[in-house]
Amino acid sequence: MKNNKKSTIGQPGALTETQLIEQVIRVNQAGEYGAKRIYAGQMAVLKNSPSYKTIKHMAKQEEEHLEYFSSEIVKRHVRPTALMPLWHVAGFAMGAITAMLGEKAAMACTVAVEEVIDEHYREQIAVLGENEAKLKEKIEKFRKEEEEHKNIGLENNAEDTIGYPILRGAVGAATKLAIFLSKRV
Ligand SMILES: [Fe+2]
Ligand SMILES: [Fe+2]
């Protein structure tokens, strides 16, 4: 399978349709895996806290999202990102570190990640054609669930985290970097 390393979804026409779809599936599998690992890190730290159940609910949805993209990787013979081992460690670390800062910080992490993912999925929905209706429909379903996660974070006082703007900025930037890399590597 060809892999165009110079282009992004934000530049329509730069990728062939096949390349675009492969990139979408590759980066989304990576992202959903990262999300699963973030929540695993948070759950490890917040085992006995009131937030545990809420985080578990979100983690379960991430598991479903991941399963879908992983099955598409197999079905369509798409090369997964080579960075999976990095997301395994970095995702867990991001979850665990934010959770160690407290339950609100864990929720702030979710808000910051999901803000970026919401935008990322919206961009994909905008560029995918009608012959990928099923894929588009799935991404839209997942996007709504990510939006739900963001709202759960806000309802659980993410914004009251000490240093919220800094944490949100850092986690958002890390998420964007992960997306950038997973599209290319
Ligand atoms: Fe997800
Ligand atoms: Fe999510």
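**A walk through the predicted model**

With a relative accessible area of 45%, A170 counts as partly exposed, a term for values between buried (under 20%) and exposed (over 50%), found with a 1.4 Å probe and protein chains only. This is a predicted model, in which local features need pLDDT of at least 70, side-chain atom pairs count only at pLDDT 80 or more, and totals for chains, interfaces and linings use all residues. Residues are numbered from 1 along each chain as its sequence is written, chains are lettered from A and ligands numbered from 1 in the order in which they are written, and side-chain values use heavy atoms, with hydrogens and water left out.

A170 sits in helix 6, where helices (H or I, at least four residues) are DSSP runs numbered from the N terminus. From A170 to N151 the C-alpha distance is 19 Å, with their positions 19 residues apart in sequence. L167 is also found in helix 6, but this residue is buried, at a relative accessible area of 14%. Leaving aside residues up to four places away in sequence, L167 touches T98, A105, A108 and T161, contact meaning heavy atoms within 4.5 Å. Helix 6, which covers residues 164-184, holds S182 as well, and S182 is buried at 2% relative accessibility. With the same sequence limit, S182 touches R26, V27, A30, T81, L83 and W87.

The metal site brings other helices into view. The iron ion (ligand 1) has as its protein donors E32 (OE), E32 (OE), E62 (OE), H65 (ND1) and E146 (OE), at 1.9 to 2.7 Å; donors are N, O and S atoms within 2.8 Å of the metal (3.2 Å for Na, K and Ca), and as water is not among the atoms, sites may look incomplete. E32 belongs to helix 1 (residues 17-45) and H65 to helix 2 (residues 52-75), so the pair ties together parts that lie 33 residues apart in sequence. Both E32 and H65 are buried. A second iron ion (ligand 2) lies 3.8 Å from the iron ion (ligand 1), and E62 coordinates both.

Helix 2 can now be followed along its length: its 24 residues reach 34 Å from first C-alpha to last, close to the 34 Å expected at 1.5 Å a residue, a span reckoned as 1.5 Å times one less than the number of residues. Its buried residues, among them E62, H65 and E72, pack against helix 1, helix 4 (103-127) and helix 5 (133-155). Just after helix 2, H77 takes a positive phi of about 55°.

Salt bridges, in which a side-chain nitrogen of Lys or Arg is within 4 Å of a carboxyl oxygen of Asp or Glu, number 14 in the whole structure. One of them joins E64 and K141, with the closest N and O atoms 3.7 Å apart; because E64 lies in helix 2 and K141 in helix 5, the pair ties together parts 77 residues apart in sequence. K141 also meets E145 in a salt bridge of 3.1 Å, N to O, and these two residues of helix 5 are 4 residues apart, about one turn of the helix. Within helix 2, K75 and E72 form a salt bridge at 2.9 Å between the closest N and O atoms; K75 is exposed at 59% relative accessibility, whereas E72 is buried at 4%. Elsewhere, D118, R122, E140, R143, K144 and E147 are linked in a network of salt bridges.
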